[in-house]
Amino acid sequence: MTPRTTPARLASAAATAALAVGGLLAVPTTAAAAPAPSRLTGDFDGDGYRDVAVAAPAATVGGKKWAGQVVVTYGTKHGLAPARRTVISQDSPGVPGAAEKNDEFGQQLAVADLNGDGYSDLAVSTPKEKVGRKEGSGALVVVWGSRTGLSGATTVKNPQPLHGSYFGVGLAAADFTGDGKPDLAVAAQSDTGRNAYRIRLIRGPFTKQGRTGKVTSYQAPLESPGLTAGRVDGDKKADLVVTGLQTGKDVLGAAVFYRGTSSGLAKGTKLRAGTTAAVGDLNGDGYGDIVLGNPDEPDVEPSGSKGGEISVIYGTKSGPSTSRRKTLTQNSPGVPGASKTGDGFGSAVAIGDFDGDRRADLAVGVPGKTYGRDPYLYDAGAVVYLRGSASGLTTAGAAAVHQDSAGVPGKRADGHAFGSALLASDVNADGRADLTIASPEADHGSGMLWHLPGAAGSAPYSPTGSAAFTQAGLGLVKGYAAFGNQLAG
């Protein structure tokens, strides 16, 4: 990972230049101070602009298939800058381990300032990493942020290395205990029975020498748990939403809410079914609302809807509301499109204030959306924008966006699966969240990334500054890599 030259570094160099005046050499008595880091979540180089990490866990590295890598594109006032990037793998200098076949480095990503130095750090899981003689035990590293970007990494100890435990199959970073030091929640298979999983809460702070705080283990209620962090009850502690499969069954289990407390995680409310989740304040009341995406069809998930659905569970002072809940499909009044088998509405969800009105909005991925007739554009994909309001999520002003929409680069095509992964983050620091969209299947299976800036007013995004990136454009070797399987920032 090559350090990048920043304006601050150039200024510092200029300040040390000698100035000859009347034959005398004037030398500054003190060096120019480096600017303080922004402390923004997702700002790896501390320059005041959030950055975006894109996983490619199936990437070939050094001839090793499915070794995996992650590329980070740094933010600027103009949006993402593909020329300013860092490519990270286990073959990168300072990253522990080595790229090996089927490791899947980058299977899960999480972002937080884990060592408290003001720069966001990137946690990267390698759930199929061999630890000692234990195949598939799993590993986790933290890649450190700094003034020059991400550089160097430290291993986070696997508390229970087991054959096939897949440590890091689920991952989230947030301050769950409210002590001002972000923690990591890490899912792995346990030794308590077939298909049983645990969630480890590894408390911060984290050090570059590998030290962490206390580790607490919780029995996970679901198989292959996905972890999503956010503040639901309005206190200073992050909460955790767990989604996954009911143990021993082939249908989705209801998501489970864990409240953050000063002593760790406390199991709370059982929620609706869902495979994807996001947390954000949709009605501006100070409490985070939970959105669950359930893209499966009724023949797979009996409680699901044809073409997929999303459910909103509003936050309250005591946690998720038991009465204020809302479910939407593409057949709901005001939602663009119509529900069709295979649409996958809810395959990805992201919450952010896209229009800058201080209420969060929702983006919903519909990667299986098919268009036209003879010829059909199968799985071309779309994203549906839904706005927040004082009364909560509304369908007023809803919009569907695809590759034929104004300003969106490219053209709708078979199998592009536009909307497979979503990230809402204010990259250009204009006070409005921008939407990053990924599809591992686009560009003939090599994967693509789209970036749509937020916009004030009725438009869901600004065509000015919209951009698309391919693997090659971000310095990766073209080929199937599950590029965009995960986004973080």
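This is a guided tour of a predicted model, stop by stop, with something to select at each one.

**The whole chain**

Start with everything shown as a cartoon. You should find two helices and 30 strands in the protein chain. Its radius of gyration is 22 Å, close to the 23 Å that the globule rule gives for 489 residues, so the chain is as compact as a globular protein of that length. Along the principal axes, the C-alpha atoms fill a box of roughly 85 × 50 × 50 Å.

Now switch on a surface. The accessible area of the protein chain is about 19,500 Å², and 51% of that belongs to carbon and sulfur atoms. Of the 489 residues, 55% count as buried. If you like contact maps, take the contacts between residues at least 6 apart in sequence: 52% of them join residues at least 24 apart.

**Stop one: strand β12**

Select residues 197–202, which make up β12. Are its residues buried or exposed? Six of the six are buried. Show the side chains and look along the strand. In a regular strand the side chains alternate between the two faces of the sheet. Here Tyr197, Ile199 and Leu201 lie on one side, with Arg198, Arg200 and Ile202 on the other, and both faces are covered.

Next, add the neighbours. Strand β11 (residues 183–189) runs antiparallel to β12 and is joined to it by six bridges. Within that pairing, look for leucine 184 opposite isoleucine 202. Strand β13 (residues 215–219) also pairs with β12 in the antiparallel sense, over five bridges. There, arginine 198 has glutamine 219 as its bridge partner.

**Stop two: strand β24 and its hairpin**

Move on to residues 382–387, strand β24, where six of six residues are buried. Ala382, Val384 and Leu386 point one way, Val383, Tyr385 and Arg387 point the other way, and all are buried.

Add residues 361–366 to see β23, which is antiparallel to β24 and joined to it by five bridges. Leucine 362 stands opposite leucine 386 in this pair. Then add residues 394–401, strand β25, which runs antiparallel to β24 with four bridges between them. Tyrosine 385 faces alanine 399 across that pairing. β24 and β25 form a hairpin with six residues between them. Zoom in on glycine 392 in the turn, where phi is positive, at about 115°.

**Stop three: a four-stranded open sheet**

Look for the open sheet with the order β18-β19-β20-β21 and antiparallel pairing. Its edge strands are β18 (276–280) and β21 (319–328), each pairing on one side only. From one strand to the next, the twist averages 20°.

Focus on β20 (residues 309–316), which pairs with β21 over six bridges. Isoleucine 313 stands opposite arginine 325 in β21.

While you are here, select serine 305, in the loop between β19 (289–294) and β20. Why does serine 305 count as buried? Its relative accessibility is 19%, and the cut-off for buried is under 20%. Leaving out residues up to four places away in sequence, serine 305 touches Asp296, Glu297, Pro298 and Thr329.

**Stop four: salt bridges**

Finish with charged side chains shown as sticks. Side chains of opposite charge can pair when their charged atoms come close. How many salt bridges does a search of the whole structure find? There are twelve.

- Select arginine 39 and aspartate 113, whose closest N and O atoms are 4.0 Å apart. Arginine 39 is in the loop between β2 and β3, and aspartate 113 is in the loop between β6 and β7, 74 residues apart. Arginine 39 is exposed at 57% relative accessibility, whereas aspartate 113 is buried at 17%.
- Select glutamate 104 and lysine 128, with closest N and O atoms 3.1 Å apart. These two are 24 residues apart, in the β5–β6 loop and the β7–β8 loop. Glutamate 104 is buried at 9%, and lysine 128 is partly exposed at 37%.
- Select aspartate 430 and arginine 432, which meet at 3.2 Å, N to O. Aspartate 430 is partly exposed at 31%, as is arginine 432 at 23%.

For the last selection, pick Asp45, Asp47 and Arg84, which salt bridges with shared partners join into one network.

How values were computed: Residues are numbered from 1 along each chain as its sequence is written. This is a predicted model: local features need pLDDT of at least 70, side-chain atom pairs count only at pLDDT 80 or more; totals for chains, interfaces and linings use all residues. Side-chain values use heavy atoms; hydrogens and water are left out. Two strands pair if DSSP finds at least two bridges between them. Axes are lines fitted to C-alpha atoms, for helices over the stretch in contact, and angles run from 0 to 180 degrees between N-to-C directions. Buried means under 20% relative accessible area, exposed over 50%, partly exposed in between (1.4 Å probe, protein chains only). Contact means heavy atoms within 4.5 Å. The radius of gyration is taken over C-alpha atoms; the globule rule is 2.2 Å times the number of residues to the power 0.38. Accessible areas come from the Shrake-Rupley method with a 1.4 Å probe; for residues, only the protein chains shown count as cover. A salt bridge is a side-chain nitrogen of Lys or Arg within 4 Å of a carboxyl oxygen of Asp or Glu.
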